[in-house]
Amino acid sequence: MINDCLKDIDVIVLAGGKGTRVASVLKNRPKILAPLGKRLYIDLLINWLEHYGTKRIIFSLGFLSEQITSHLGSIKSKSTEFKIVVEDHPMGTAGTISNVRGQIITDPILVINGDSFVNADLCTFLNLHLSQDNKASIICTSVKDVSRYGSVKVSPDGKVISFNEKTNVSGQGYISSGVYLFNRSIIDDISNAGASLEKDYLSNQDSETIGAMVGDFEFLDIGT
């Protein structure tokens with residue numbers, strides 16, 4: 001059953017990375033086109049978003065963009081519009097959002113890293129974002145070893161306290177799943193912050209304005 005909570009929400013998929021960690025496995029193929037079983041990750045991602053009623057997806061591309069553009073052109077979707085923006089050089093996550101802002105028409109906006117997946121309910125996430133009156137919200141999932149990713153410290157009332165870099169200290173904790181909701185009013189601030197979304201923008205914001213939906217969600221990092 002489709003829940004249409006995202007029918008009025010633009011989705012930005014960040015898929016411009018080079019995939020250095022898995023280059024030997026993918027062999028000149030972008031990460032978002034990685035095969036998972038008999039299907040490509042991009043197809044699974046689109047189907048997942050359409051399950052929540054998504055009507056418009058903006059793909060921000062860079063490395064091997066022509067392969068992704070070609071594949072999107074082969075998809076016969078009756079319900080979803082695809083917009084494609086290609087970077088002329090690597091811009092980082094914040095820079096990428098700045099680069100596509102001319103295509104954004106909704107408020108808020110859902111942003112997803114194109115090289116990871118979290119099995120969380122996007123309607124619940126949207127309700128949390130709106131009910132808490134956050135400027136930005138992030139889905140955080142619990143993992144057994146945060147040293148591989150860096151961690152996110154979250155307050156008991158669901159606000160982000162800090163983003164912490166990767167360290168040699170292992171242990172259970174919360175990490176960013178790479179799924180965000182942003183109010184349109186802060187897109188200019190993100191654009192002017194620097195290259196990294198978390199380091200240059202989110203880490204410098206008042207913790208009361210950034211919400212987190214936390215849980216023990218299934219998480220897949222295409223890069224590993």
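This is a short tour of a predicted model, moving from one strand to its neighbours, then to a hairpin, a helix and a surface patch.

**Stop 1: strand 8**

Select residues 136-143, which form strand 8. Is this strand buried or exposed? Eight of its eight residues are buried, so the rest of the structure largely encloses the strand. Buried here means a relative accessible area under 20%. Now show the side chains. In a regular strand, side chains alternate between the two faces of the sheet. On one side of strand 8 are Ala136, Ile138, Cys140 and Ser142. On the other side are Ser137, Ile139, Thr141 and Val143. Both faces of the strand are covered.

**Stop 2: the partners of strand 8**

Keep strand 8 on display and add residues 173-182, which make up strand 11. The two strands run antiparallel and are joined by seven bridges. To find the register, select Ser142 and look across to Tyr174 in strand 11, which stands opposite.

Next add residues 210-215, strand 12. Which way does this strand pair with strand 8, parallel or antiparallel? The pairing is parallel, over six bridges. Here Cys140 is a useful marker, as Val214 in strand 12 stands opposite Cys140.

**Stop 3: the hairpin of strands 9 and 10**

Move to strand 9, residues 151-154, and strand 10, residues 160-164. Four bridges join these antiparallel strands. Lys153 and Ser162 stand opposite each other. Five residues lie between the two strands of this hairpin. Select Gly158 and check the backbone: its phi is positive, near 80 degrees.

**Stop 4: Asp200**

Go to helix 7, residues 197-201, and pick Asp200. With a relative accessible area of 29%, Asp200 is partly exposed; that value falls between the 20% limit for buried and the 50% limit for exposed. Leaving aside residues up to four places away in sequence, Asp200 touches Ala193, Gly194 and Ala195. What lies 2.8 Å from a polar atom of the Asp200 side chain? It is the backbone nitrogen of Ser196. For a sense of scale, draw a C-alpha to C-alpha line from Asp200 to Ile109: the two are 19 Å apart in space and 91 residues apart in sequence.

**Stop 5: a nonpolar patch**

Finish by turning on the surface and selecting Leu36, Leu44 and Leu220. These residues make a nonpolar surface patch of about 200 Å². Leu36 belongs to strand 2, residues 35-36. Leu36 is partly exposed, with a relative accessible area of 31%.

Notes: Residues are numbered from 1 along each chain as its sequence is written. This is a predicted model: local features need pLDDT of at least 70, side-chain atom pairs count only at pLDDT 80 or more; totals for chains, interfaces and linings use all residues. Side-chain values use heavy atoms; hydrogens and water are left out. Patches are made of residues with over 30% relative accessible area and no salt bridge: like charges are joined within 9 Å, nonpolar side chains (Val, Leu, Ile, Met, Phe, Trp, Tyr) within 5 Å. Accessible areas come from the Shrake-Rupley method with a 1.4 Å probe; for residues, only the protein chains shown count as cover. A salt bridge is a side-chain nitrogen of Lys or Arg within 4 Å of a carboxyl oxygen of Asp or Glu. Buried means under 20% relative accessible area, exposed over 50%, partly exposed in between (1.4 Å probe, protein chains only). Two strands pair if DSSP finds at least two bridges between them. Contact means heavy atoms within 4.5 Å. A polar contact is a pair of N or O atoms within 3.5 Å; within protein, one must be able to donate a hydrogen and the other to accept it, and residues adjacent in sequence count only if both atoms are side-chain atoms.
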